[in-house]
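Let's take a relaxed walk through this protein model, strand by strand. Have the sequence and the 3D view ready.

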Amino acid sequence: MRGVPLSYLRCFGARRASALGPLVVAAAVVAAAPPAQAREYDLLIRGGRVIDPANGRDGILDVAVSHGRIARVAVDIDPARARSVVDATGLVVAPGFVDIHTHVFFGTADGTYLNNSYQAVAPDSFAPRSCTTTVVDAGSSGWRDVELFKAQTIAHSKTRVLAFLNIVGGGMRGGQAEQDLGDMDAARTAAAARAHRDEVVGVKVAHYAGPAWDPVLRAVEAARASGGRVMVDFGQHVPELSLRDLLLTHLRPGDIFTHVYADIPGRTPVVDAGGRVRPYVLEAARRGVVFDLGHGGGSFVFDQAVPALAQGFLPSSISTDMHLQSLNGAMGDMVDVVSKMLNLGMSLPDLIRRSTAAPAAIIGRPELGTLGEGAAADIAVLRLETGRYGYVDTRGARIDGDRRLECAMTLRDGRVLWDRDGLSARRYEVLRTPRPRRRPAAPRRRRGPSGAGASRRARCPRPSAGWPRTARLHRGARPSRGPASTRGAHRR
């Protein structure tokens, strides 16, 4: 600064340097220190049994997550490379469950069944706590109200929500609305499916009780025109329609027959009165028809499931048929259904495959249901417990089991949606550890006329009279008033 005495600048700089000294020293230390190993992962799940059927994995591995994607799956990934570490020792780590039969068009409309109704269930109220990261609504909405379903449910859910469109334009409103052949428009259904292809995976037929094949034929037409598949909830027809014709004539390979272990009026069960799986059912499975479990509130009985499993006729996919009645009934949720099938003799790796990779492929979304590197970090962390448990079918029959799965943690796109035991949380003992108290400041030294304790005025003399009036070095500094001859010149 021009016109400022050198002695004053030195004093001024010394004061500023003393104030900035600790910061300067700290910056120098950081600059001089060797760079720490980059923490390239947001989360590391360590030491769990990773069951990832899509990639043929079943072993003790670590799973690293970065920016919502699976970054790496390997043995002994260095925890220093992750910002957060979860100890999954003794737990099962799998892809998030993909439930392809749910009813999540929750709303407040009176007089409807599962369309914008109280009987549907909001996705985030059940999916995260059951290790489910993707749900597919099975026909609750049709082409008339799919926009409302997207705005009201899909847009507000942390759970990924996809949908089958009902062949009925007004969706699953129940009663006579679902018997109206005039509202089953294949062209409009296909157009809506194409317009919403990011969410719509196919077309649903359900609850039609008439003697005609029209709903199935129109659903297949709409699915073919939009590139999707058909899911059929078959039964209650008067007179009864042929299950054989449905499976071998009307459904294409890849189309889905849900409620496989049901025994309901108006539908031929897959297991006959002698306890044998019907030959044409096995033939349909060989030609590629998908048999979905679809437990629901009235569509799963041990009389069908037990003999079918004993003969090797397994469900292609595990699903819940989630709605309010089934949630609070014998079904429970996805983890409960998987546990039930585990106690009926299916293996855990096979159950995980039929709850993740298999249903993802069935709905044409193979990028889901996998822990492959680069895939969305949809992860289920499960605890397999042993004890004495009871499992009930929809007729009230019970079997006893000794194993049960519980959902410990759920991640969708790398974000923790459910963490029952706080696996990803910091320990309270660490948080409550008191910080070291700051050392009290040294007592101020008495100022003398000179030396280190001298006052600032004594050590830093006032500038000369020629110092410009406009200069400011620090708050409170005042320039000299100048020579006496110039005083009051501004008044003249």
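How many bridges join strand E1 to strand E5 (residues 92-95), and do they run parallel or antiparallel? Two bridges join E1 to E5, and the strands run parallel. Within that pairing, Arg 49 sits opposite Val 92 of E5.

A quick word on the ground rules. This is a predicted model, where local features need pLDDT of at least 70 and side-chain atom pairs count only at pLDDT 80 or more, while totals for chains, interfaces and linings use all residues. Residues are numbered from 1 along each chain as its sequence is written, and side-chain values use heavy atoms, leaving out hydrogens and water. Helices (H or I, at least four residues) and strands (E, at least two) are DSSP runs, numbered from the N terminus. Two strands count as paired if DSSP finds at least two bridges between them.

**Strand E1 and its partners**

E1 covers residues 43-52, and seven of its ten residues are buried (under 20% relative accessible area, with exposed being over 50% and partly exposed in between, using a 1.4 Å probe and protein chains only). Here are its pairings:

| Partner of E1 | Bridges | Sense | Facing residues |
|---|---|---|---|
| E2 (residues 57-66) | eight bridges | antiparallel | Leu 43 and Val 65 |
| E4 (residues 85-87) | three bridges | parallel | Leu 44 and Val 85 |

E1 and E2 also make a hairpin, with four residues between them. In the turn, Gly 56 has a positive phi of about 65 degrees.

**The disulfide**

A disulfide is a covalent bond between the sulfur atoms of two cysteines; the search takes pairs of sulfur atoms within 2.5 Å. How many turn up in the whole structure? Just one disulfide is found: Cys 131 is joined to Cys 407, with 2.2 Å from S to S. The link is right-handed, with 90 degrees about the S-S bond. Cys 131 lies in the loop between strand E6 (97-102) and strand E7 (132-138), and Cys 407 in strand E14 (residues 398-412), so the pair ties together parts that are 276 residues apart in sequence. Both cysteines, Cys 131 and Cys 407, are buried.

**The open sheet**

Seven strands form an open sheet in the order E6-E7-E8-E9-E10-E11-E12, with parallel pairing. E6 and strand E12 (290-291) are at the edges with a single partner strand each, so one side of each has no neighbour in the sheet. Strand E11 (residues 256-257) and E12 run parallel, joined by two bridges, and Ile 256 stands opposite Val 290 in E12.
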